Amino acid sequence: MIDICIIGGGAAGLMLAHSLSPSLSVVVLTKEDAFSGNTALAQGGIAASIGPGDHPASHAADTLSAAANHANPERVEVLVQEGQALIEMLLSQGLPFDADEEGLPMLGQEAAHAARRIIHAGGDQTGKMLQHHLLSKTENRVKRLPYSSVLELIITEGQCTGVCVEDAFGKRSIIHAQHIVLATGGIGQLYSQTSNSIVATGDGLSLAFHAGAVLEDLEFVQFHPTVFTVKGKSCGLISEAVRGEGAWLVDAAGRRIMEDVHPLLELAPRDIVARTIEWHWQQKGSVFLDARHLQDFKVKFPSIYRNCRDHHIHPEKQMIPVRPGAHFHMGGVQTNEWGETTIPRLYAIGEIASTGVHGANRLASNSLLESLVFAKRLATKIQTYGFSHKKESVELIEPVKKFSLPWNLQLRMTEQVGILREADELKQFIADFPLLRFDLQQYSGKQIKEIHRYTASSLIAQAALFRDESRGAHYRIDAPQASEEWTGKTIQLSITGMAIGKRKLQQKETVS
């Protein structure tokens with residue numbers, strides 16, 4: 001039996017591995033190779049109040065404001081206070097960052113931030129550079145098992161004791177561990193338009209649900225306003241940093257579409273920008289990002305530039321066609337301030353976790369910061385527990401049942417559980433894709449992967465129907481305003497049903 005099994009090798013999983021004692025045995029499972037997840041695609045950067053004149057209190061205020069009165073202020077305080085010190089530590093450890101002539105970090109500006117506090121590495125390759133850094137720090141300390149799909153969490157006497165895994169050759173095995181950590185990332189591939197990696201299929205939601213854990217805030221799905229879209233196909237993300245540098249959102253005639261929508265124009269909160277673009281697409285036609293007037297586009301955004309050119313768009317001469325796509329999930333597996341779930345010995349960090357810091361709408365570039373901060377906190381917590389190394393016996397069952405994923409699930413999610421939602425459409429989706437509990441061991445590995453997609457989709461739709469108001473990234477056409485009755489309330493889902501929880505909303509004083 002190993003000490004710690006981490007499911008996922010992105011920023012959260014690697015930061016946890018990096019922060020654990022070298023004396024512990026750690027295995028990191030990834031569905032594909034080391035760079036197949038969303039971390040490597042993260043362009044925007046990491047938010048941290050390390051600049052002159054900036055302060056964690058300002059960062060916290062911006063985070064709470066973006067969260068649409070739904071974040072947990074105590075967790076936000078943890079994020080900004082510990083995040084500031086953590087980023088400074090990583091920089092001192094050699095995390096590569098874009099620096100000015102004096103060697104200080106060049107801090108970028110992004111939507112809804114009151115200060116320039118976004119750290120970048122490699123221009124628009126922050127996630128990839130961060131992942132390289134953490135991989136180098138954990139190279140000889142963990143056992144990596146790529147191309148390993150987790151089919152089920154093993155629950156023994158109410159505790160998580162292991163995982164059922166299938167390798168690239170279809171062989172099943174059980175990995176027993178003292179502590180199991182979900183770091184499985186996001187859900188973007190449940191939708192037909194997304195900025196996410198191909199592995200972001202909501203597996204963690206389904207694994208936790210079938211194990212009996214509580215999930216919350218699943219209705220809050222953030223759609224990135226500017227996914228590069230060519231002939232209806234998502235071709236990669238156009239970072240918000242491009243708008244931060246001054247690019248405009250325009251129609252085909254070059255008219256700016258945000259002028260009469262929000263005083264912050266292109267830097268308005270993401271949910272407002274995304275809804276405006278989507279409405280324009282549906283009602284008036286295509287939307288473009290005009291960056292032709294920006295200086296040094298190729299230097300500041302090298303990967304975006306290459307991707308545009310690969311699709312025959314020259315950003316310095318042509319407008320870039322964009323449309324919103326599923327980008328980040330604020331909800332997930334419910335955790336406490338240390339990353340512990342409602343099941344002993346099962347933890348969640350990164351995008352799969354619902355820590356409460358993002359509320360109804362994530363502030364730009366807080367996602368990598370959250371992954372790093374709460375992974376480090378979990379490392380501290382896990383190491384306070386004992387390690388007994390008792391191995392439980394688990395019998396592998398031969399698959400006998402069949403399941404086939406409906407071919408149109410992604411399209412239906414986009415149309416009925418996407419940016420613009422409505423009760424009748426959500427009810428129809430749930431009628432066609434009801435939430436079911438599967439006996440996972442009875443199915444083949446390929447079918448379980450499809451079951452994970454199906455389950456995650458149904459869970460999100462259930463929550464979206466139940467919250468009959470609009471708040472943050474959750475927008476209901478039939479209930480377009482936030483409701484006081486829903487303020488501070490969370491929707492919690494588990495195999496025992498649906499419940500309403502409460503979240504403390506009074507902001508505590510943030511100190512340096």
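Helices here are DSSP runs of H or I, at least four residues long, numbered from the N terminus. Keep in mind that the model is predicted.

**Exercise 1. Place Lys137 in its helix and work out whether Lys137 is buried, exposed or partly exposed.**

Step 1: Find the element. Lys137 sits in helix H4, which covers residues 126-138.

Step 2: Check the accessibility. The relative accessible area of Lys137 is 31%. Buried means under 20% and exposed means over 50%, so Lys137 counts as partly exposed.

Step 3: Look for neighbours. Leaving out residues up to four places away in sequence, Lys137 touches His18 and Gln93. Ala17 is 120 residues away along the chain, yet its C-alpha atom is 9.0 Å from that of Lys137.

**Exercise 2. Lay out the open sheet that holds S11 and S15, then add the helices that lie across it.**

Step 1: Write down the strand order. The sheet has 5 strands, in the order S12-S11-S15-S14-S13, and the pairing is antiparallel.

Step 2: Spot the edges. Strand S12 (233-237) and strand S13 (248-250) each pair on one side only, which makes them the edge strands. From one strand to the next, the twist averages 55 degrees.

Step 3: Zoom in on one pair. Strand S11 (residues 221-230) and strand S15 (residues 320-329) run antiparallel and share 6 bridges. Val221 stands opposite His329 in S15.

Step 4: Add the helices. Helix H7 (residues 270-283) lies across S11, S13, S14 and S15, at about 135 degrees to S15. Helix H9 (residues 302-310) lies across S11, S12 and S15, and runs at about 155 degrees to S12.

**Exercise 3. Take His312 and Arg345, each with a positive phi, and sort out where they sit and how accessible they are.**

Step 1: Recall the usual case. Most residues other than glycine have a negative phi.

Step 2: Read the angles. His312 has a phi of about 65 degrees, and Arg345 has one of about 75 degrees. Neither residue is a glycine.

Step 3: Locate them. His312 is in the loop between H9 and S15, while Arg345 is in the loop between strand S16 (332-334) and strand S17 (346-348).

Step 4: Sort by accessibility. At 68% relative accessible area, His312 is exposed; at 15%, Arg345 is buried.

**Exercise 4. Describe the nonpolar surface patch that includes Met498.**

Step 1: Name the members. Phe466, Met498 and Ile500 make up the patch, with about 240 Å² of accessible area together.

Step 2: Place Met498. Met498 belongs to strand S20 (residues 497-502).

Step 3: Check the entry condition. Patch residues need over 30% relative accessible area. Met498 has 32%, so Met498 is partly exposed.

How values were computed:
Residues numbered from 1 in each chain as written. Predicted model: local features only at pLDDT ≥ 70, side-chain atom pairs only at ≥ 80, totals over all residues. Heavy atoms only, no water. Patch = residues over 30% accessible without salt bridge, like charges linked within 9 Å, V, L, I, M, F, W, Y side chains within 5 Å. Areas by Shrake-Rupley, 256 points an atom, 1.4 Å probe, with all protein chains shown as cover. Salt bridge = Lys/Arg side-chain N within 4 Å of Asp/Glu carboxyl O. Helix = DSSP H or I, 4+ residues; strand = E, 2+ residues; numbered from the N terminus. Buried < 20%, exposed > 50% of the residue type's maximum accessible area, 1.4 Å probe, protein only. Pairing = 2+ DSSP bridges. Axes fitted to C-alpha atoms, helices over the stretch in contact; angles between N-to-C directions. Contact = heavy atoms within 4.5 Å.
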